[in-house]
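Welcome, and please have your structure viewer open. The report below walks through the fold, a few strands and some residues worth a look.

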Amino acid sequence: IMELKRWLSLVLLVIGTLAVCAQEEDDHIYGGDDMDDYGDADVDVEDEEGAEEKPVETEAQSTPPPSPKVVTYTAPVPTGPTYFFESFDKGTLEGWVISKAKKDDTDEEIAKYDGKWEVEEMKDSKLPGDKGLVLKSRAKHHAISAKLSKPFVFDSDPFILQYEVNFQNGIECGGAYVKLLSETPKLNLDQFHDKTPYTIMFGPDKCGEDYKLHFIFRHKNPKTGEYEEKHVKRPDADLRVYYTDKKTHIYTLVLNPDNSFEVLVDQTVVSSGNLLSDTTPAVNPPHEIEDPDDLKPEDWDERPKIPDPDAVKPDDWDEDAPAKIEDEHAEKPEGWLDEELEYVADPDAEKPEDWDEDMDGEWEAPQIANPKCETAPGCGPWKRPMIDNPDYKGKWKPAMTDNPNYQGIWKPRKILNPDYFEDLHPFRMTPFSAVGLELWSMTSDIFFDNFFIGNSRAVAEQLAIDGWKLKQTADGATEPGVFGQLIAAAEERPWLWLVYILTVALPVFLLILFCCSGKKEPSAAEYKKTDAPQPDVKEEEAVKDEGEQKKEGKKDEDKDEEEEEEEEGDKKQKSDTEGSAGNASQEEEDDDAQNQGEKKERRSPRNRKPRKD
């Protein structure tokens, strides 16, 4: 019973916890304390559809439930200087240039950058008025770019790039990364294509099950003037959810003048390091390299072991012995059908009517397993099975011994690298003057918003609060509570209904069983009335608290004394009556005295057996 109570309490505790969580979820959705966190981010919270303020109700009136709150959208505005910011809330592509270029070395049908771009709201937007740049086409090349207010020069200030992405239809194979186009005299946004020089490429990219978050920068060799792409190490975090949940995510890149960097997704660091030590290939080449003109000497011996020159093949070593021989002890099983074939022509097969022997050759019935062999141990000529040859040793080879002339593994000597240079400030990259999206995607409706380029991390964080955080809040306000999510999950997986039913019905059944299954035992009063002996019980179940036993014994003793006094009075009255009528016999008086003694002994609490509690 105690075990049953513990299980029942646990189940009820789980159900109560779910109910409390659901209530807390409702409090958050309908104007809880969390909504006040956005007071500094210019977020307006209003009643739905302009609900008017109601007069204060009296104490006699019941307080109505709070009205649902909605989060209204206000376009984010930078709180400090920026090099570039675009929220697209004006509803146009003003300032953006759609490329008219073609890709080299590509089929003419897909070489054009003819993918469509639009400025519109998200398909399932929870914030009316929030617009963004949308990649509309699938299986096409897209290219669009815009100029910065002034070129960004990497000097003594940090660099911050930040923007939002929403894969509204998920992502099958495609990218959503940004290119920062290098400041060059030949930069023409109208001809922006994949070969246009860039300084940094940053953002998500996915094809198949390869989930990437690019951070690539082009480093200029100070000796040759040539550029080489440097790939920063990939994040250790699992990026899958950012590509599959169809929610808006914010991507941030922070570069510092000391060459340190941070990559953040949803304001959480997923990768960090240093440009000098965490790139492939390394920014600086090695100081020494192997001499390409150094050749290994012809007599250089790299063999650590050689065959023992003193080893001799034993005289009894037979290299020609076969590996397998026939088992001489094997005997043909009884019932073996030597004359029957394992496969025979199908007797029921018929030549097709359209069979042309001139074209198809002579027709033969297909082969089937011989029915006579199904019950026999075997068919056809019997042969002894093959077994391993115990005398087989194979080809003889001498044992290996240490090579006395071993010189180790040869390596060319090291020389100074003629191309060596040391750049201790890779942060000082080529200035850039435009931001561009040059993408191929097999999925349409990729949503971009709130591009920011600047040197103030505080400005970037405030824009994230005013933009992405607001969208996150709006999404959370429309999501169902705990029970709503359970129902939605059961609609997708019907077998969950069985789990829910068992979770609710089983505790109720156990509760009913626990409360109604016990037997009702006779009370002490019934034993008192009938003067019947009480049933014996186990000692550990019958023992009571010592104080309670004494108290109960005293009550019973007082009660017994009252009953005895009443009986003596009745007996005295009866004796007087009998005395007037005649004297009773001596035998009857002795019997009465004996019965009275037995009854008093039974009623005494000292002789009474302990009752069951």
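## Strand partners

Two strands count as paired if DSSP finds at least two bridges between them. With that in mind, Cys207 stands opposite Asp210 in strand E12. The model you are looking at is predicted.

The pair around these residues is E11 and E12: strand E11 covers residues 198–207, and eight bridges join it to E12, with the two running antiparallel. The hairpin of E11 and E12 has two residues between the strands, and Gly208 takes a positive phi near 65° there.

## The protein as a whole

Let us step back for a moment. The protein has 613 residues, and 30% of them count as buried. It contains 11 helices and 27 strands. The accessible surface comes to about 40500 Å², and carbon and sulfur atoms hold 50% of that.

How much of the contact network joins residues 24 or more positions apart? Among contacts with a separation of 6 or more, such pairs account for 76%.

## Strand E12 and its other neighbour

E12 is mostly covered, with eight of its 11 residues buried. Besides E11, it also has strand E13 (residues 227–232) as a partner: E12 and E13 pair in the antiparallel sense over five bridges. Ile216 stands opposite His231 in E13. The hairpin of E12 and E13 has six residues between the strands, and here Gly225 takes a positive phi near 80°.

## Arg218, a buried charge

Now zoom in on Arg218, which lies in strand E12 (residues 210–220). Does this side chain find a partner of opposite charge, or which group does it reach instead? Arg218 is buried yet has no salt bridge. Its nearest side chain of opposite charge is Glu229, 5.5 Å away, and a salt bridge needs the nitrogen within 4 Å of a carboxyl oxygen, so Glu229 does not qualify.

The side chain of Arg218 does reach the backbone oxygen of Tyr198, at 2.9 Å. Leaving out residues up to four places away in sequence, Arg218 touches Ser182, Pro197, Tyr198, Thr199, Tyr227, Glu228 and Glu229.

## Strands E14, E15 and E16

Further along the chain is strand E15, residues 260–265. This strand is mostly covered, as five of its six residues are buried. On one hand, E15 pairs with strand E14 (residues 249–255) in the antiparallel sense over five bridges. Phe261 in E15 is the bridge partner of Leu255. The hairpin of E14 and E15 has four residues between the strands, and Asn259 takes a positive phi near 75° in it.

On the other hand, E15 pairs with strand E16 (residues 268–274), again in the antiparallel sense, over six bridges. Here the bridge partner of Glu262 is Ser272 in E16. The hairpin of E15 and E16 has two residues between the strands, and Asp266 takes a positive phi near 55°.

## Asn403, a buried loop residue

Asn403 sits in the loop between strand E24 (400–402) and strand E25 (414–416). Is Asn403 buried or exposed? Its relative accessible area is 8%, and the cut-off for buried is under 20%, so Asn403 counts as buried.

What does the side chain of Asn403 make a polar contact with? The partner is the side chain of Asp301, at 2.9 Å. Not counting residues up to four places away in sequence, Asn403 touches Asp301, Arg303, Pro304, Lys305 and Ile306.

## Backbone spots to check

Most residues other than glycine have a negative phi, and most peptide bonds are trans. Some places in this model are worth checking against that background.

Phe88 is not a glycine, yet has a positive phi of about 65°. Phe88 is found in the loop between strand E3 (84–86) and strand E4 (96–98), and is buried, with a relative accessible area of 0%. Lys246 also has a positive phi, near 60°; its place is in the loop between helix H3 (240–244) and E14.

Which peptide bond is cis? The bond from Thr280 to Pro281 is cis, with omega near -10°. Pro281 is found in the loop between strand E17 (279–280) and strand E18 (288–290).

Conventions: Residues are numbered from 1 along each chain as its sequence is written. This is a predicted model: local features need pLDDT of at least 70, side-chain atom pairs count only at pLDDT 80 or more; totals for chains, interfaces and linings use all residues. Side-chain values use heavy atoms; hydrogens and water are left out. Buried means under 20% relative accessible area, exposed over 50%, partly exposed in between (1.4 Å probe, protein chains only). Contact means heavy atoms within 4.5 Å. Accessible areas come from the Shrake-Rupley method with a 1.4 Å probe; for residues, only the protein chains shown count as cover. Lys and Arg count as positive and Asp and Glu as negative; His and the chain ends are not counted. A polar contact is a pair of N or O atoms within 3.5 Å; within protein, one must be able to donate a hydrogen and the other to accept it, and residues adjacent in sequence count only if both atoms are side-chain atoms.
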